Amino acid sequence: MSWAASPAPASGGATRADPPGPRRPPGRAGARRIRSASGLASVIGAGVIWIALLGPVITLLTHLSAHAIASSLTAPGALDPLYTSLESGAVTVAVLLLVATPLAWMLARGTLPFPRLWETGVLCSLLLPPLVIGLVLVFMVGPYTPIGELIGHVHLTATNTFLALVIAEVYEAAPYYVLGAQAAFAAVDPRLEQQAGLLGDRPRRVFRRVTLPLAAPGLAMALAVSWARAMGAFGAVIIIAYHPFGIPLQIYNTLQETGLASALPFALVLLVVALPLPLAAYTWSARAAGRRRG
């Protein structure tokens, strides 16, 4: 046995050593390729679902022509239902903002007794089919009901009037706003409100200077969704407020009178007036959430 050094070190060479740490298994590159392939498959699947969800919008745009839009929208009185929908939608949003915001705030802060009972009531109104809402509203605010008689004393009626249209839209859109506003208020850290109170701010001032600015993006999103819901309200409207009709009923009447193709331009009008506000609110809400995280 020889105790001499090996030839390589003696001649100044260096032996090749394995890098420190655990040895990579030979299949690591293949696993990376598999993960990449699965990621690509996920993106393709998401794209298919996204296109499928946008299918109705894509179909609407591909079946319209500039001539059809111009001929339909330039007819005498063609845009009157649009003006009716815009007016009723604006009144509906104002009513929800004034009436439903306090309820959403109290639900978010848990200041109401039996909070689950209150939330169940909101969910019940959300889950009621629009046609059922319309039927029930007839028996609730119709001319031969106590509420209808009370309204009649001021020479108003809640059937086939602008007031009836607003009532129907409020009942169809209110649950969406309450739940969205509740989530917006719940996302505000109560400790910030408590700190403002410790600094001497009164509750109203805390709400105005702390709670409301922080919840504003979420409130805007909830209000925008309610706007879109009110603009597209149909089930309750067709029963209790057939006149004066807005865009949804104009689409329905045009479909019944002259067919599918002639109703598409008015469907585009409904999309144009209902979609921009939710998109703008979503963009604001996403940017606000990004600034908070960043």
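Let's start at Tyr171, which is partly exposed, with a relative accessible area of 37%. This is a predicted model, so take what follows as a reading of that prediction. Tyr171 sits in helix H9, and it helps build a nonpolar surface patch of about 540 Å². Its partners in the patch are Leu128, Val132, Leu135, Val136, Met140 and Ile147. Helix H7, residues 130-141, supplies the largest share of that patch, with four residues.

Now step along to Glu172, also in helix H9. Here the picture changes: Glu172 has a relative accessible area of just 3%, and because the cut-off for buried is under 20%, it counts as buried. What does this acidic side chain pair up with? Glu172 forms a salt bridge with Arg229, and the closest N and O atoms are 2.9 Å apart. That pair ties together distant parts of the chain, with Glu172 in helix H9 and Arg229 in helix H11, 57 residues apart. Arg229 itself is partly exposed, at 22% relative accessible area, so the bridge joins a buried glutamate to a partly exposed arginine.

Who else is around Glu172? Leaving out residues up to four places away in sequence, Glu172 touches Pro130, Ile133, Arg229, Ala233, Phe234, Gly235, Ala236 and Val237. One of these neighbours, Ala236, turns up again further on, in a nonpolar core.

Helix H9 also leads us inside. In soluble globular proteins, nonpolar side chains tend to be buried together. In this model, the largest nonpolar core has 34 residues. Those with the most contacts inside it are Leu96, Tyr177, Ala215, Leu219, Met231, Ile247 and Ile251. Five helices give two or more residues each: H5 (80-109), H9 (162-186), H11 (203-231), H13 (247-258) and H14 (260-274). Of these, H9 gives the most, with nine residues.

For a close-up of that core, pick Ile251. Setting aside residues up to four places away in sequence, Ile251 touches Ala263, Phe266, Ala267 and Leu270. There is also a second, separate core of 15 residues, and Leu137, Val141, Ala236 and Leu249 are among its members. So Ala236, which Glu172 touches, belongs to this second core.

Back to charges. How many salt bridges does a search of the whole structure find? The search finds four, and the Glu172 and Arg229 pair is one of them. In another, Glu193 bridges to Arg109, with the closest N and O atoms 3.0 Å apart. This pair, too, links distant parts of the chain: Glu193 is in helix H10, residues 190-198, while Arg109 is in helix H5, and 84 residues separate them. Glu193 is buried, at 13% relative accessible area, whereas Arg109 is partly exposed, at 21%.

One more bridge is worth finding on the model: the side chains of Asp189 and Arg191 meet at 2.9 Å, N to O. Asp189 is partly exposed, with a relative accessible area of 27%. Arg191 is exposed, at 56%.

How values were computed:
Residues are numbered from 1 along each chain as its sequence is written. This is a predicted model: local features need pLDDT of at least 70, side-chain atom pairs count only at pLDDT 80 or more; totals for chains, interfaces and linings use all residues. Side-chain values use heavy atoms; hydrogens and water are left out. A nonpolar core is a set of buried Ala, Val, Leu, Ile, Met, Phe, Trp, Tyr and Cys residues joined through side-chain atoms within 4.5 Å. Buried means under 20% relative accessible area, exposed over 50%, partly exposed in between (1.4 Å probe, protein chains only). Contact means heavy atoms within 4.5 Å. Patches are made of residues with over 30% relative accessible area and no salt bridge: like charges are joined within 9 Å, nonpolar side chains (Val, Leu, Ile, Met, Phe, Trp, Tyr) within 5 Å. Accessible areas come from the Shrake-Rupley method with a 1.4 Å probe; for residues, only the protein chains shown count as cover.
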